[in-house]
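Reader: I have a structure open and I'd like to go through it piece by piece. Can we start with the sheet and then move to the rest?

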Amino acid sequence: MSTPHVVVVMGVAGTGKTTIGPLLAAELGVPYAEGDDFHPAANIAKMSAGTPLDDTDRWPWLDAIGQWAHGRAGLGGVVSSSALKRVYRDRLRAEAPGAVFLHLTGDRALIEGRMAERKGHFMPTALLDSQFATLQPLQEDEAGVAVDVSGTPEEITQRAVAALRRLGA
């Protein structure tokens, strides 16, 4: 990638955003920000209780991520955010117009299995159905790429780097 862009690693819970994000950032030589760290405590409590967030919960979170991305404009960076709906991505782009999205995609059974194996995360597998129901994949007019999450984290990262290079980001 010739110009440093901010890459938003997106997808439903369990696709590996927190694993792939730092690997991608290291490969690109830019900083990584964990999207979950931008959630207010009330959001984490709500999700920990098995209650999906609504849009009112998400706006301040998305704005905080967008502000971080805006601060990295021209410098590059990688940040994770589920960014499941087009309107959420539009909100992120309003703060950081040059953001590029990396949509981690995969088979529901694979993702559920990975979620069941992870320890100490606040997102229960019970919310996976709501995540898939909410998901609106990237559209033709959105700057971004989709990458399948089968394989090792290193393989996924290499596919992501190649796809982003093809995108010209």
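Author: What follows covers the sheet, then one loop residue, then one helix. Keep in mind that this is a predicted model.

Reader: OK, in what order do the strands of the sheet come?

Author: The order is β2-β3-β1-β4-β5, in an open sheet of five strands with parallel pairing.

Reader: And which strands stand at the edges?

Author: Those are β2 (32-33) and β5 (144-148). Each has a single partner strand, so one side of each is left without a neighbour in the sheet.

Reader: What joins β2 to β3?

Author: Two bridges do, and the two strands run parallel. Within that pairing, Ala33 has Val79 of β3 as its bridge partner.

Reader: Now β1. How many bridges does β1 make with β3, and how many with β4?

Author: With β3 there are four bridges, in the parallel sense. With β4 (residues 100-105) there are also four, again parallel. As for single residues, Val6 is the bridge partner of Gly77 in β3, while Val7 stands opposite Val100 in β4.

Reader: Is β1 buried or exposed?

Author: Buried: this holds for five of its five residues, so β1 is largely enclosed by the rest of the structure. Val6, Val8 and Met10 point one way, Val7 and Val9 point the other way, and all are buried.

Reader: Which helix lies across β1?

Author: Helix α3 (residues 55-71) lies across β1, and also across β2 and β3. The angle between α3 and β3 is about 170°.

Reader: Different topic. Where is Ser82?

Author: Ser82 sits in the loop between β3 and α4 (86-95).

Reader: Loop, fine. Buried or exposed?

Author: Ser82 has a relative accessible area of 13%, and the cut-off for buried is under 20%, so Ser82 counts as buried.

Reader: What is Ser82 in contact with?

Author: Leaving aside neighbours within four places in sequence, Ser82 is in contact with Met10, Gly11, Lys17 and Trp61.

Reader: Last one, α7. How many residues has it, and which are buried?

Author: Helix α7 (residues 153-167) has 15 residues and reaches 21 Å from first C-alpha to last, close to the 21 Å expected. Its buried residues are Ile156, Thr157, Ala160, Val161, Ala163 and Leu164. Seen down the axis of α7, these fall within an arc of 165°, so they line one face of the helix.

Reader: Why would residues spaced like that point the same way?

Author: An α-helix has 3.6 residues a turn, so residues three or four places apart point the same way.

Reader: And what comes just after α7?

Author: Gly168, which takes a positive phi of about 85°.

Key. Residues numbered from 1 in each chain as written. Predicted model: local features only at pLDDT ≥ 70, side-chain atom pairs only at ≥ 80, totals over all residues. Heavy atoms only, no water. Expected span 1.5 Å × (residues − 1). Buried < 20%, exposed > 50% of the residue type's maximum accessible area, 1.4 Å probe, protein only. Arc of directions from axis to C-beta. Pairing = 2+ DSSP bridges. Contact = heavy atoms within 4.5 Å. Axes fitted to C-alpha atoms, helices over the stretch in contact; angles between N-to-C directions.
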